[in-house]
Amino acid sequence: MGWGCAAPGPGPGPSLPGPAAAGSEATAGAGGGGSRSPPATSTATTMPFDFRRFDIYRKVPKDLTQPTYTGAIISVCCCLFILFLFLSELTGFIATEIVNELYVDDPDKDSGGKIEVNLNISLPNLHCELVGLDIQDEMGRHEVGHIDNSMKIPLNNGDGCRFEGHFSINKVPGNFHVSTHSATAQPQNPDMTHVIHKLSFGDKLQVHNVHGAFNALEGADKLSSNPLASHDYILKIVPTVYEDMSGKQRYSYQYTVANKEYVAYSHTGRIIPAIWFRYDLSPITVKYTERRQPLYRFITSICAIIGGTFTVAGILDSCIFTASEAWKKIQLGKMQ
């Protein structure tokens, strides 16, 4: 019986797996189920917001830093210098300062045009019953023998006198003088040698930081002068205002003084000496204001001290370190 070759037909037979078959099987396998899976999509991962991105002071890892003896010395000196400047600024911040200014005005408008005067003078060779105070000015005031708020204290067993007076004058040019004009009987040879203990105008200012001529004639000694001579003290009174930290103002007056000594004769030819205080007011007012340094200025100064010191110290340390490294390379022959 012979075998015949049959032509391949459409009948079923084994088939070799190939790309198409594999693809078909994958499709069939995917579609052979009861439902179709959705195609896979790629999603981008969202990074969380990191607030540290705003850090402008990035930190250098410790393993990348190198301590040096020079840097240690500069750092210690830098800290001591900062401490010294800080204590200096702190002292200035705690303490108050006095600021003065000048302006043209009448500061004490509530005084009624009056200035309070305090006079304390000793005449060691003139009896108290002969001593008197006279006041006159350009407003027509002429008062002889002023006795209000005044006191006479005998000196040298009654041979001398100490006159203390508290009175007011008008804010116009004028004079007040110590003389024997108010005495009942004029002495033959009145002795006007004297010592001025106090002459002040307005309130008394007891402020250590203000050094003015509030009692410029204190201690004026004319005991060795001519007993029959008259004395002229020419005063220029300067209004002064002092304002403390609370805003309270006190009004006082400074003055400059010039003096001359001469012998004066009356119309009858007699010598009638006196001690004259001729005054005029300056239109310029001096104001002293007590202040304290503002907090923001203190903080600004401290920041400037710290920042500037560390910056300069860093530059100095960098220069020294760079020069040191260069010198080492030269010694090793690595730098020509």
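Biologist: How much space lies in the largest pocket?
Modeller: The model is predicted. Among the 14 residues that line the largest pocket, Ser200, Lys204, Leu205, Phe214 and Asn215 lie nearest its centre. The space in this pocket is about 280 Å³.

Biologist: Which strand gives the largest share of the lining of the largest pocket?
Modeller: By class, that lining has five nonpolar, six polar and three charged residues. Four residues of the lining come from one strand, residues 195–202, and this is the largest share. The element is strand 8.

Biologist: Which helix gives the largest share of the lining of the second largest pocket?
Modeller: The second largest pocket holds about 200 Å³ of space, and its lining includes Gln66, Cys78, Phe310 and Phe321. Two elements give two or more residues to this lining, helix 2 (69–94) and helix 3 (295–332). The largest share, six residues, comes from helix 3.

Biologist: Which strand gives the largest share of the largest nonpolar core?
Modeller: The core has 33 residues, and those with the most contacts inside it are Phe176, Leu199, Phe201 and Phe277. The elements that give two or more residues to this core include strand 2 (114–123), strand 8 and strand 12 (275–281). The largest share, five residues, comes from strand 2.

Biologist: Which charged residue does Phe201 touch?
Modeller: Residues up to four places away in sequence are not counted here. Phe201 touches Ile115, Val117, Phe176 and Tyr255, among others. Asp, Glu, Lys and Arg count as charged, and the list of contacts of Phe201 includes Glu116.

Key. Residues are numbered from 1 along each chain as its sequence is written. This is a predicted model: local features need pLDDT of at least 70, side-chain atom pairs count only at pLDDT 80 or more; totals for chains, interfaces and linings use all residues. Side-chain values use heavy atoms; hydrogens and water are left out. On a 1 Å grid over the protein atoms alone, a cavity is a set of points where a 1.4 Å probe fits but cannot get out, and a pocket is an open set with protein on both sides within 12 Å along at least five of seven lines; lining residues have an atom within 4 Å of a point. Grid points are joined across faces, edges and corners, and a volume is the space filled by probe spheres set on the points. A nonpolar core is a set of buried Ala, Val, Leu, Ile, Met, Phe, Trp, Tyr and Cys residues joined through side-chain atoms within 4.5 Å. Buried means under 20% relative accessible area, exposed over 50%, partly exposed in between (1.4 Å probe, protein chains only). Contact means heavy atoms within 4.5 Å.
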